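Visitor: I am new to this kind of picture and would like to learn how to read it step by step. Could you take me through it slowly?

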Amino acid sequence: MATIKEVAQAAGVSYTTVSHVLNDTRPVSPAARARVLAAAAALHYVPSALARSLRSQTTGTIGMIIPNNSNPYFSEVARGIEDTCWAAGYSVILCNSDDDPAKQRDYLNVLLTKRCDGLIMAALAQTDAELLRQRRVPAVFIDRAPEGLEYDVVGVDNLAGGELAGQHLLALGRARIGCIGGPRELEVSEQRIAGLRRALGGTLDDSLCETADFSSAGGYAAALRLLARPAGQRPDALFCCNDMMAIGALRAAAELGIAVPAELAVVGFDDIDLAQFVHPPLSSVSQGTRALGNITATCLLERIATPEQPPQRRRIVPVLNVRGSSVAGAHPSSTTSPGTKP
């Protein structure tokens, strides 16, 4: 890789003249400028990002840590973040923690060492909160921030989303409404189940509920446990706390010969792009994954520009997109996008 000194030697000018031409920091004669640019092009010279960041105290990078990049929800949110950051002149460094606290901590240290201008995190272990607080890096959290951290948070109203799903299933006349939740320690999942319970008048039959790991395989296994029972003992409706588990539940129902939605209505959460293309198309509570990413990135860019502003919480208002997994033949040509509220 060519150096700035090699460019200077090829152009027959000083090192400082090359620097002034490339950084546009001082007038240089047209002839000298032309020689420098020609030499830089011939040598395929690439300016040092590190040197530029030291001068400007910025790196033009945003760091993002997500727990599982194989989950379409996170990939769609990340795409929205990347689109907004790219339009603003930032590159995004994406890190996947695999739900491993040690790996998450390592990635956080890497991003801090790289002096990213801001961070976006879908989760952060409480034990790492102090490190982030000490470094005073602009950051935005998706869904929730660790206790004691005063940071911007962008997320869907999970309680309202679960309630929407429950109200829809009740309106369909379903009497044995079950649920497949995520890991019990995750607040997001517990809030969605609490919303379902609220829609059902505060009661939810625990014998019709299972937990899984937010994966399609986990949803499939949980649904098999619920649906393998005799017709009068199994659920006639399932609310799954994310779409991947709901897709697994649809496969379990198909293998057991249970007709969806005639014998079993299924509603998911997230409304990922894939939800429209499974069979039958999946009814899902939408939080507008791409838009959520756009809003999260915008919030971070505002924080970088005005770091003194008080922390904000931007909440996405969920909507239910009804499709064939709960109402026969329902397959809207377009989905409804959620809104936001303070």
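Guide: Let us begin with burial, for which a residue counts as buried when its relative accessible area is under 20%, as exposed when it is over 50%, and as partly exposed in between. Please keep in mind throughout that this is a predicted model.

Visitor: With that cut-off, what share of the 342 residues of the chain counts as buried?

Guide: Of the 342 residues, 49% count as buried. The accessible surface of the chain comes to about 16100 Å², and 54% of that area belongs to carbon and sulfur atoms.

Visitor: How many helices and strands does the chain have, and what box do its C-alpha atoms fill?

Guide: The chain has twelve helices and 13 strands, while its C-alpha atoms fill a box of roughly 90 × 40 × 35 Å when this is taken along the principal axes. A radius of gyration near 20 Å would be expected for a compact globule of 342 residues, but the chain has 26 Å. If we look at contacts between residues at least 6 apart in sequence, 67% of them join residues at least 24 apart.

Visitor: Let us turn to single residues. Is Y220 buried or partly exposed?

Guide: Y220 has a relative accessibility of 22%, and because buried means under 20%, Y220 counts as partly exposed. This residue lies in helix 10, which covers residues 216–227.

Visitor: Which residues does Y220 touch, not counting those up to four places away in sequence?

Guide: Y220 touches G248, A249, R251, A252 and E255 when residues up to four places away in sequence are left out. With E255 there is also a polar contact of 2.6 Å, which joins the two side chains.

Visitor: And what should I look for in the backbone, where is F214, and is F214 buried or exposed?

Guide: One backbone sign to look for is a positive phi in a residue other than glycine, and F214 shows this with a phi near 70 degrees. F214 is placed in the loop between strand 7 (209–211) and helix 10, and it counts as buried because its relative accessibility is 18%. R115, in the loop between helix 6 (101–113) and strand 3 (118–121), has a positive phi of about 55 degrees although it is not a glycine.

Visitor: Where are cis peptide bonds found?

Guide: One joins V260 and P261, with omega about 5 degrees, and P261 lies in the loop between helix 11 (243–255) and strand 9 (265–270). The peptide bond from H279 to P280 is also cis, with omega near -10 degrees, and P280 is found in the loop between strand 9 and strand 10 (283–286).

Note on methods. Residues numbered from 1 in each chain as written. Predicted model: local features only at pLDDT ≥ 70, side-chain atom pairs only at ≥ 80, totals over all residues. Heavy atoms only, no water. Helix = DSSP H or I, 4+ residues; strand = E, 2+ residues; numbered from the N terminus. Rg over C-alpha atoms; globule rule 2.2 N^0.38 Å. Buried < 20%, exposed > 50% of the residue type's maximum accessible area, 1.4 Å probe, protein only. Contact = heavy atoms within 4.5 Å. Areas by Shrake-Rupley, 256 points an atom, 1.4 Å probe, with all protein chains shown as cover. Polar contact = N/O pair within 3.5 Å; in protein donor to acceptor, adjacent residues only side chain to side chain.
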